[in-house]
Amino acid sequence: SDPLPDLFKPNAEHWEQTLAVNPHLVALLADEMARECGLAVLFHAMPAAARYGEGGWTLTVCLKEGLRDYGARVLVDATGDGNVVGLAGFPLERQPVLQPATLMFVLGGYEFQRLEPVALRAAYEKALAEGLFTEADFGWGGDRLIAFLRRRGENGMHLCGVDASTSEGRSAAEQKGRELVLRMLRWLRTLPGLENVRLERMAAV
């Protein structure tokens, strides 16, 4: 097994203190732990309303078959976006600048070692100047296109101005991400060494 990262290393990059896990195995073990402690798990549902009254909270949940009310003395909001807190009528803090979103995907169909960086950099600068892309489209740091191609996409796209706090915002963000991937593919196929680039897989959302 891989050694644990040094979580107390001063001035470390965040990725140096990340604990890598197998997400599929984690899901299997989490299901097992839930069964062992008698926890009732409900997937494919989302909160629709939260009300406080005599005896505690009533949480209305949207299921595939419709709305259903559940009672609880305590609510724990683990939505990640504070959805239940907002539904319960409490104020939410919101930063003026939101973190860019990322649509994870993997490219194939080319040999990175055989690409011509000088020609690719020139084509990239021309595409930026023409407004075909923004610098954020290909990630962060220097030499963005080359770094993007080296890691074959992966966590290499940044979608700025995304507000995922609403269903409309999330829908728009997903469409924006897929449109950008398609534009990238069409453009990359015009470049030397990338004529056969293909999309091998992409995150569902």
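**Notebook: sheet, helix and cores in a predicted model**

I began with the sheet and recorded 3 strands in an open arrangement, in the order β1-β2-β3, with antiparallel pairing. The edge strands are β1 (46-53) and β3 (66-72), each of which pairs on one side only. The twist from one strand to the next averages 20°. I note here that the model is predicted.

**Entry: pairing of β1 and β2**

I looked up the contact between β1 and β2 and found antiparallel pairing over 7 bridges. Within this pair, G53 has G56 in β2 as its bridge partner. The two strands β1 and β2 form a hairpin with 2 residues between them. I then checked the backbone of the turn: G55 has a positive phi of about 90°.

**Entry: pairing of β2 and β3**

I turned to the other side of β2 (residues 56-63), where β2 and β3 pair in the antiparallel sense over 7 bridges. I listed two positions from this pairing. W57 has A72 in β3 as its bridge partner, and T60 stands opposite D69 in β3. Here too I recorded a hairpin, since β2 and β3 have 2 residues between them.

As background, I note that strands of a sheet pair through backbone hydrogen bonds, either parallel or antiparallel.

I next asked how many of the 8 residues of β2 are buried. The count is 6, and I entered β2 as mostly covered.

**Entry: helix α1**

I examined α1 (23-36) and found 14 residues, with 20 Å from the first C-alpha to the last. This span is close to the 20 Å expected at 1.5 Å a residue. At the N-terminal end of α1 I found N22 as the cap, with a side-chain oxygen 3.0 Å from the backbone nitrogen of H24. Just after α1, G38 takes a positive phi of about 75°.

**Entry: positive phi outside glycine**

I searched for residues other than glycine with a positive phi and noted N11, at about 60°. N11 lies in the segment before α1. Is N11 buried or exposed? N11 counts as exposed because its relative accessibility is 81%, and the threshold for exposed is over 50%.

I also noted R152, which is not a glycine and has a positive phi near 60°. R152 sits in the loop between α4 and β5 (153-154). With a relative accessibility of 26%, R152 counts as partly exposed.

**Entry: nonpolar cores**

I asked which residues touch the most other members of the largest nonpolar core. They are L149, W187 and L188, in a core of 30 residues. The elements giving two or more residues to this core are β4 (105-108), α3 (117-129), α4 (144-150) and α5 (167-188). Of these, α5 gives the most, with 7 residues.

I then followed L149 beyond its neighbours within four places in sequence. Its contacts are Y110, F112, L115, L120, L188 and L194. L188 therefore appears twice in my notes: as a contact of L149, and with L149 among the residues that touch the most other members of the core.

Apart from this core I found another, of 6 residues, including A50, W57, L63 and V84. I had already met W57 as the bridge partner of A72.

For context, I add that in soluble globular proteins nonpolar side chains tend to be buried together.

How values were computed: Residues numbered from 1 in each chain as written. Predicted model: local features only at pLDDT ≥ 70, side-chain atom pairs only at ≥ 80, totals over all residues. Heavy atoms only, no water. Core = buried A, V, L, I, M, F, W, Y, C linked by side-chain atoms within 4.5 Å. Buried < 20%, exposed > 50% of the residue type's maximum accessible area, 1.4 Å probe, protein only. Helix = DSSP H or I, 4+ residues; strand = E, 2+ residues; numbered from the N terminus. Contact = heavy atoms within 4.5 Å. Pairing = 2+ DSSP bridges. Axes fitted to C-alpha atoms, helices over the stretch in contact; angles between N-to-C directions. Expected span 1.5 Å × (residues − 1). Polar contact = N/O pair within 3.5 Å; in protein donor to acceptor, adjacent residues only side chain to side chain.
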